[in-house]
Every structure is written in C-alpha cells, then in structure tokens.
Amino acid sequence: MKQHSLRCSLWKGVLAIAAVLVYGGTARAADVTLCVDKSSPSAPMDRRLAEAVAQHEGAVLNLHYFDGSGDDDGFDMGDFVKLAAHCDLVLGFPVDADARSVPSGLRMTEPYGHTGFVLVTPHGRAHGSLAQLPPGTRVAVTYQTIPNLYFADHPGLQADVELSDTASLQALQTGKVDAAMLWQPTVASYLAAHDLARRYDVHELNEPHARFNLVALYDEAHAAEARRFELAVAKMAASGELARTLAPYAQAGSATPDRRAGMTVNPWRHTASRTCDATRGKGNKSKGKGHLPALYTQAQADSGKQKFLDNCSRCHGRDLAGIAGPALKGPNFASPSMHFTVGDIFTIVSQNMPATQPGSLPQQDYVEIMAFLLQQNGYPAGSTPLTYEAAKQSKANFVYHGD
C-alpha cells in the first residue's frame, strides 16, 4: 500500500472462498477460473468484471477469492506465480502506466482499465490539481504511500500524514485538512459506504507514478483464456458496458503515461491501496563498491543502527527484513528497475517514520538512520558526514549492492 494489501501468506488466504456461477444454460466454452483479491477495495468491481466476461464467453465461472490483506508472512511476486497456476487469470493487478513488466514467469493482458492516486476535495472547489491548491493548504496523505513524494514538487502545501486511508478521509471529512491524496478505489469504496459521494470531487492526479493500468495476470498455460478475456473486454468496451462495470473504482482503457516520470516505481509498501510493485528485479549485485558514492560516515551509520533499533525495528525487523512493515534492504526493496533516489527514500523515512508519530524524530536521527540504511544496502562510508539537506536533495540512485 494498511494500504496496498498484498502481504498475506498464499496458503493461508488463497482460495479461501469459492463460488460457482453458471450463465446461459449449457456452457459453450471451457470453464473459466478467475481469481480476485477479496481484501481489495475494488473487489466488487473485479467480481462484476469476472461475471460479465463469463457471460460474454458463455462459460461457467469458477470465481475464487484470495486474501491479500497482509500478515507477517508476506505476499510477494513469487506468490502470484503460484496463484496463477490455480487460476486462468488473476484480475485487478495494477501496473505503473510507465511500466510494462510483470513478475517473472507471468504475462499480463492488455490493460482494460486504469486507476491510481487521486486528489479529493470538497465539492465545488475550483482546485483540480496540486498546482491549483493555494499555498498553505493542508493535504492528507497516508503513511508510506507514493503521494508523500509529491510535496517536494509542491513545497507550498502542508503534508498531514495519517496512518490509514480511513484516517486520511476522516481528516478531510472533519475539516482537519482541505484535500487528500489517496488510492481511487479506496476513496470510491469509502464515499459509497458513507453516502458522501455528492460532497466531494475526485480528480486524477497529474503527478509521477499516480496512474496505474489494470491488467489480468496469467501464465503461459493459460494464454488461450487470456485471449478470450481480451476479446470479451473489447466487446464490453465498444458497447460502453466496460466503463459501467469499472465505475467508480476505475476508468475504462489505458492510462496515459506520465512522461515526466521516466521510471517504474516501488510504492514501498504493499498495503491498503493494493498498489503492487510489478517490477521487482533480482537486484544489482556489485562486484566492488569503489564506484558508489560515499554519502555518510561510519560513525553516522553506527549511531543510526541503534536509532533504527529503537524506533523502526518493531515494524521493519532488527535485520531490516520486514515484519508488519516492509523490508528495508535487499534486491526487492532497492531494485534497479525502481529508479528511486536517495532523496526519494529519505523523504519517506523523514516524513513517515516512526509509524506511531510520523516525522517526530530530530532531523539528525533521520540522517543517521538513513546512513544505516545506505550501509545495509551496500553503500560505502566516507569522510564527509551526511546532512539533512544533502539527504533530502540527493539524486544518487538507491540500489541494493549486497551479495
């Protein structure tokens, strides 16, 4: 994402609920098995799409639900490979509009819809983008989600970091903030559940990595079903049925890539907004570190280790391998395909940690924790201390260089 919910154990959650829905009498095509994450806020949309596709194919639908709400065992890209072996297609997988890669061993259909992070404002306000918001506007964001990075490009706005999407929406509802940046399906689900849709306007964000295409995942053995799925979706799109099926969680068709971004994305966590990193690579194992920038001193990393243990290890683990929060070292955290900079990571660290009181530590503590993270991901120590401003502004690539 908590938000971005794809961290559960496969065998604890996958296929927990199964329903068989029969359409059109005798099936004219083979049974179709479609999988949906029941914990996703867009699960009702995914189910409607599955039912509509089965109708168009004249097939018997085996609808299987898995639980991606997240637990300590995690739900990573490899689990999707296992899941695809049980399903013809896994629906509702979000892929950054600037990316075209999926977990190794899997394929994806052509995008059938798009969604992403949106700006939510009270109805009738003439502010449809971050650039239009007046200076000093308080904007709610959820802990460790991509929109935390947007404040760097809009320094006049004030960030209000909340621990959950619900808390962010409640901050908007109570007037604590004037706007919020959140995952569209979560916003749609909340507004519908509380009968608030008429009170708020929802605007697509024109910011890097705010747009995601929705695809279905499959493996090579299910390529024929993927083609039938794409044909059914094309018919639905032509008639307008697809747009009605996806609303209000998503829009029909592909999202336009944000050409300013020029990179794929790791949303950092895989919690409430269900945004997935579809581009996890195997890291960049360096044979030597002489070419890497020395951004911190050994003393800073030593001090940062203890401050990490005191403030961060409860969620991220003493070895940074992740517990309730994600891992903070290794090829899955800092893959070359993500193209995150040191400044990007430091922004998340300094604005979102610790979870109980985001942004509450002294600046020097954040600097030293960042030094420890750099050390643990293979960056060498140097003679020049890292400073708060240098960390915040650093454009050095943050890529794992371990063994």
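This report describes the overall make-up, the disulfide, the nonpolar cores and two individual residues of a predicted model.

## Overall make-up

The chain has 403 residues, of which 57% are buried, and its secondary structure consists of twelve helices and twelve strands. Its accessible surface amounts to about 16,400 Å², with carbon and sulfur atoms accounting for 50% of that area.

## The disulfide and the cysteines

The count of disulfides in the model comes to one, and the two residues that form it are Cys35 and Cys87, whose sulfur atoms lie 1.8 Å apart. The pair links distant parts of the chain, since its members are 52 residues apart: Cys35 belongs to strand S2 (residues 32-37), whereas Cys87 sits in the loop between helix H3 (77-86) and strand S4 (89-96). The torsion about the S-S bond of Cys35 and Cys87 is about -65 degrees, and the disulfide is therefore left-handed.

Both ends of this link are enclosed by the protein. Cys35 has a relative accessible area of 0% and so counts as buried, and Cys87 is likewise buried, with a relative accessible area of 0%. Another cysteine, Cys312, has a relative accessible area of 5%, which also places Cys312 in the buried class.

## The nonpolar cores

The largest nonpolar core of the model contains 38 residues, and within it the residues with the most contacts are Phe308, Met370, Leu374, Leu386 and Phe398. Four helices, namely H8, helix H10 (342-352), helix H11 (363-376) and helix H12 (388-393), each supply at least two residues of this core. The largest share, eight residues, is contributed by H11.

Met370 illustrates how this core is joined: when residues up to four places away in sequence are left out, Met370 touches Val342, Ile345, Phe346, Leu386 and Phe398. Two of these partners, Leu386 and Phe398, are themselves listed with Met370 among the residues having the most contacts inside the core. A second core, separate from this one, has 31 residues, including Ala43, Val53, Leu214 and Tyr249.

## Arg138 in strand S7

Arg138 lies in strand S7, which spans residues 138-142. Its relative accessibility is 29%, and because this value falls between the cut-offs of 20% and 50%, Arg138 is classed as partly exposed. Beyond its neighbours within four places in sequence, Arg138 is in contact with Gln158, Asp160, Lys176, Val177, Asp178 and Ala179.

Two of these contacts can be described in terms of side-chain atoms. The side chains of Arg138 and Asp160 are joined by a polar contact of 2.8 Å, and the side chain of Arg138 also makes a polar contact of 3.4 Å with the side chain of Gln158. Arg138 and Gln158 are 20 residues apart in sequence, while their C-alpha atoms are 4.6 Å apart in space.

## Thr297 ahead of helix H8

Thr297 is found in the loop between strand S12 (251-252) and helix H8 (298-311). Although Thr297 is a loop residue, its relative accessible area is 12%, and because the cut-off for a buried residue is under 20%, Thr297 counts as buried.

When neighbours within four places in sequence are set aside, the contacts of Thr297 are with Ala381, Gly382, Ser383, Thr384 and Pro385. The helix that bounds this loop, H8, is also one of the helices that supply at least two residues to the largest nonpolar core.

Key:
Residues are numbered from 1 along each chain as its sequence is written. This is a predicted model: local features need pLDDT of at least 70, side-chain atom pairs count only at pLDDT 80 or more; totals for chains, interfaces and linings use all residues. Side-chain values use heavy atoms; hydrogens and water are left out. Buried means under 20% relative accessible area, exposed over 50%, partly exposed in between (1.4 Å probe, protein chains only). Contact means heavy atoms within 4.5 Å. Accessible areas come from the Shrake-Rupley method with a 1.4 Å probe; for residues, only the protein chains shown count as cover. A polar contact is a pair of N or O atoms within 3.5 Å; within protein, one must be able to donate a hydrogen and the other to accept it, and residues adjacent in sequence count only if both atoms are side-chain atoms. A disulfide is a pair of cysteine sulfur atoms within 2.5 Å. A nonpolar core is a set of buried Ala, Val, Leu, Ile, Met, Phe, Trp, Tyr and Cys residues joined through side-chain atoms within 4.5 Å.
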